[in-house]
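Colleague: I have the model open and would like to go through it with you. Could we begin with the charges?

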Amino acid sequence: MRAGLYARVSTHDQQTLPMQNQAMLEYVARRDWEVVIEISDVASGASTRPQREELMKAARRREVDVIVVWRLDRWGRSVADLVTSLNELHELDVGFVSLTEALDLTTPSGRALAGMLAVFAQFEREILSDRVKVGIAQARAEGRPHGRPPTARNKESEVWSLSEA
């Protein structure tokens, strides 16, 4: 199997990057897999991770059969992001292995665990949606504004004056 390795640290001063890479290389060697792409990322809470996206592009081009990470939190920004990316990899028939959690989606039990993660991600989305709805109802009940600020309404007189000119 062709493996893509993904290691990430939050800042340049963290020293775990070599340890992550070494652990993944040893695991891949024990499984007799071939490393075809190795990505190391330095990003803290970033909404976009271009290096991770490069690995996903390699998966979409069928250049890798499995992605190996040291820990799940190194791969996903949130449970929803994790589940979304794992679902895409599943649809691409690309395996996923997280060493620290002993999660191997190339096995039936690993795929079952991924299904449970998807259930929890959906649960998290529904709870968040419920909280937002309750917050909006509370704001309305108290007569407080909610939602997007009324920026266009603040410019109404200026817009009218420009349209009359």
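Modeller: Certainly. The protein carries 22 positive and 24 negative charges, and their mean positions are 4 Å apart. Please keep in mind that this is a predicted model.

Colleague: Understood. How much surface does the protein expose, and what share of it do carbon and sulfur atoms supply?

Modeller: The exposed area is about 10500 Å², with 55% of it supplied by carbon and sulfur atoms. As for burial, 32% of the 165 residues count as buried.

Colleague: Turning to the fold, how many helices and strands are there?

Modeller: There are seven helices and five strands. Read from the N terminus, the order is β-α-β-α-β-α-α-β-β-α-α-α. The protein is more spread out than a compact globule, because its radius of gyration is 22 Å, well over the 15 Å from the globule rule for 165 residues.

Colleague: What does the C-alpha trace span along its principal axes?

Modeller: The spans are about 75 × 35 × 35 Å.

Colleague: And what share of the contacts between residues at least 6 apart in sequence join residues at least 24 apart?

Modeller: That share is 67%.

Colleague: Let us move inside. Which residues of the largest nonpolar core touch the most other members?

Modeller: Those are Ile67, Trp75, Leu89, Val94 and Phe96, in a core of 19 residues. Two or more residues each come from α2 (50-60), β3 (66-69), α3 (72-75) and α4 (79-91). There is also a second, separate core of 13 residues, which includes Leu5, Val9, Leu17 and Tyr27. In soluble globular proteins, nonpolar side chains tend to be buried together.

Colleague: Which residues is Phe96 in contact with, leaving aside its neighbours within four places?

Modeller: Before the phenylalanine in sequence, Phe96 contacts Val66, Ile67, Val69, Leu72, Trp75, Leu86 and Leu89. After it come contacts with Leu103, Asp104, Leu105 and Thr106.

Colleague: Leu89 appears there too. Is Leu89 buried or exposed?

Modeller: Leu89 lies in helix α4 and counts as buried, because its relative accessibility is 1%, under the 20% cut-off. Not counting residues up to four places away, Leu89 touches Met56, Ala59, Ile67, Trp75, Val94 and Phe96.

Colleague: How far is the C-alpha atom of Leu89 from that of Met56?

Modeller: The two C-alpha atoms are separated by 8.1 Å, while the residues are 33 apart along the chain.

Colleague: A change of topic: backbone angles. What is the phi of Asp32?

Modeller: Asp32 has a positive phi of about 65 degrees, although it is not a glycine. Asp32 sits in the loop between α1 (17-31) and β2 (34-42), and it is exposed, with a relative accessible area of 68%.

Colleague: And where is Arg62 placed?

Modeller: Arg62 is in the loop between α2 and β3. Arg62 also has a positive phi of about 65 degrees without being a glycine. At 46% relative accessibility, Arg62 counts as partly exposed.

Colleague: Finally, what does Ala139 touch, apart from residues up to four places away?

Modeller: Ala139 touches Arg144, Pro145 and His146. Ala139 belongs to helix α5 (residues 108-141).

Colleague: Why does Ala139 count as buried?

Modeller: Ala139 counts as buried because its relative accessible area is 4%, under the 20% cut-off.

Definitions and conventions:
Residues are numbered from 1 along each chain as its sequence is written. This is a predicted model: local features need pLDDT of at least 70, side-chain atom pairs count only at pLDDT 80 or more; totals for chains, interfaces and linings use all residues. Side-chain values use heavy atoms; hydrogens and water are left out. Helices (H or I, at least four residues) and strands (E, at least two) are DSSP runs, numbered from the N terminus. The radius of gyration is taken over C-alpha atoms; the globule rule is 2.2 Å times the number of residues to the power 0.38. Buried means under 20% relative accessible area, exposed over 50%, partly exposed in between (1.4 Å probe, protein chains only). Contact means heavy atoms within 4.5 Å. Accessible areas come from the Shrake-Rupley method with a 1.4 Å probe; for residues, only the protein chains shown count as cover. Lys and Arg count as positive and Asp and Glu as negative; His and the chain ends are not counted. The place of a charge is taken as NZ of Lys, CZ of Arg, CG of Asp or CD of Glu. A nonpolar core is a set of buried Ala, Val, Leu, Ile, Met, Phe, Trp, Tyr and Cys residues joined through side-chain atoms within 4.5 Å.
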